[in-house]
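Good morning, colleagues. I would like to take a few minutes to walk through the side-chain contacts and strand pairing in one structure. Please look at the display as I go.

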Amino acid sequence: MYSVNIQDIVNCESEKNYTTFYFINAPKLVVSTTLKEYETLLKPFQFFRAHQSHLINMGYFDHFIKSDGGNTIVMKNKSTIPLSTRKKEEFLALIDTL
């Protein structure tokens, strides 16, 4: 069992029934719980499901790259997150409110 500050989570990535947490100043952490469960828990804390396998902390959002090959979210730690085509409109509306 781990105790972490929500503010330290940059993003979460799923792979099957596992979720990997990436932190601003700590090693990554892999847990055996689905991303959907964490999406429900973290949504009130400005987390956004950008892709089927990615949940991001909007507090660490840096910029957005729109290209012909796809859309990419760049976080403040320079990690890149794919943005689902289905989520693009919702994401753009969200960053307008930041």
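Lysine 87 lies over the face of phenylalanine 48, at 5.7 Å from the ring centre. Please bear in mind that this is a predicted model. The ring beneath that lysine, phenylalanine 48, counts as buried because its relative accessibility is 5%. Lysine 87 also takes part in a salt bridge with glutamate 90, where the closest N and O atoms are 3.9 Å apart. Glutamate 90 itself is partly exposed, with a relative accessible area of 41%.

Let me stay with the aromatic side chains. The count comes to five aromatic pairs. One of them, phenylalanine 21 with phenylalanine 23, is stacked, with 6.3 Å centre to centre and 15° between the planes. Both members are enclosed: phenylalanine 21 is buried at a relative accessible area of 6%, and phenylalanine 23 is buried at 11%. Phenylalanine 48 and phenylalanine 91 form a tilted pair, because their ring centres are 5.6 Å apart and their planes stand at 40°. This pair links distant parts of the chain, since phenylalanine 48 belongs to strand β4 and phenylalanine 91 to helix α2 (residues 88-96), 43 residues apart. Phenylalanine 91 is buried, with a relative accessible area of 0%. Phe48 and Phe91 join Phe61 and Phe64 in one aromatic cluster.

I turn now to charged pairs. In general, side chains of opposite charge can pair when their charged atoms come close. How many salt bridges does a search of the whole structure find? The search finds two. Besides the bridge between glutamate 90 and lysine 87, there is one between the side chains of arginine 49 and glutamate 39, at 2.7 Å from N to O. That pair also links distant parts of the chain: arginine 49 is in strand β4 (residues 47-51), glutamate 39 is in helix α1 (residues 35-42), and they are 10 residues apart. Are these two partners, arginine 49 and glutamate 39, buried or exposed? Both are buried. For arginine 49, the relative accessible area is 16%, and the residue counts as buried because that value is under 20%.

Arginine 49 has further partners. A polar atom of the arginine 49 side chain lies 2.5 Å from the backbone oxygen of glutamine 52. For the backbone oxygen of histidine 51, the distance to a polar atom of that side chain is 3.2 Å. Leaving aside neighbours within four places in sequence, the residues in contact with arginine 49 include Leu35, Lys36, His54 and Leu55. Lysine 87, with which I began, is also among these contacts.

Finally, the strands. Strand β1 (residues 9-15) is largely enclosed by the rest of the structure, because five of its seven residues are buried. β1 pairs with strand β2 (residues 18-23) in the antiparallel sense, over six bridges. The hairpin of β1 and β2 has two residues between the strands, and there lysine 16 takes a positive phi near 60°. β1 is also joined by three bridges to strand β5 (residues 54-57), again running antiparallel. Which residues does glutamate 13 face in these pairings? In β2, threonine 20 stands opposite glutamate 13, and in β5 the bridge partner of glutamate 13 is histidine 54. Histidine 54 was named earlier, as a contact of arginine 49.

Definitions and conventions
Residues are numbered from 1 along each chain as its sequence is written. This is a predicted model: local features need pLDDT of at least 70, side-chain atom pairs count only at pLDDT 80 or more; totals for chains, interfaces and linings use all residues. Side-chain values use heavy atoms; hydrogens and water are left out. A salt bridge is a side-chain nitrogen of Lys or Arg within 4 Å of a carboxyl oxygen of Asp or Glu. Helices (H or I, at least four residues) and strands (E, at least two) are DSSP runs, numbered from the N terminus. Buried means under 20% relative accessible area, exposed over 50%, partly exposed in between (1.4 Å probe, protein chains only). Rings of Phe, Tyr and Trp (its six-membered ring) pair if their centres lie within 6.5 Å; planes under 30 degrees apart count as stacked, over 60 as edge-to-face and the rest as tilted. A charge sits over a ring if NZ of Lys or CZ of Arg is within 6 Å of the ring centre and within 35 degrees of the ring normal. A polar contact is a pair of N or O atoms within 3.5 Å; within protein, one must be able to donate a hydrogen and the other to accept it, and residues adjacent in sequence count only if both atoms are side-chain atoms. Contact means heavy atoms within 4.5 Å. Two strands pair if DSSP finds at least two bridges between them.
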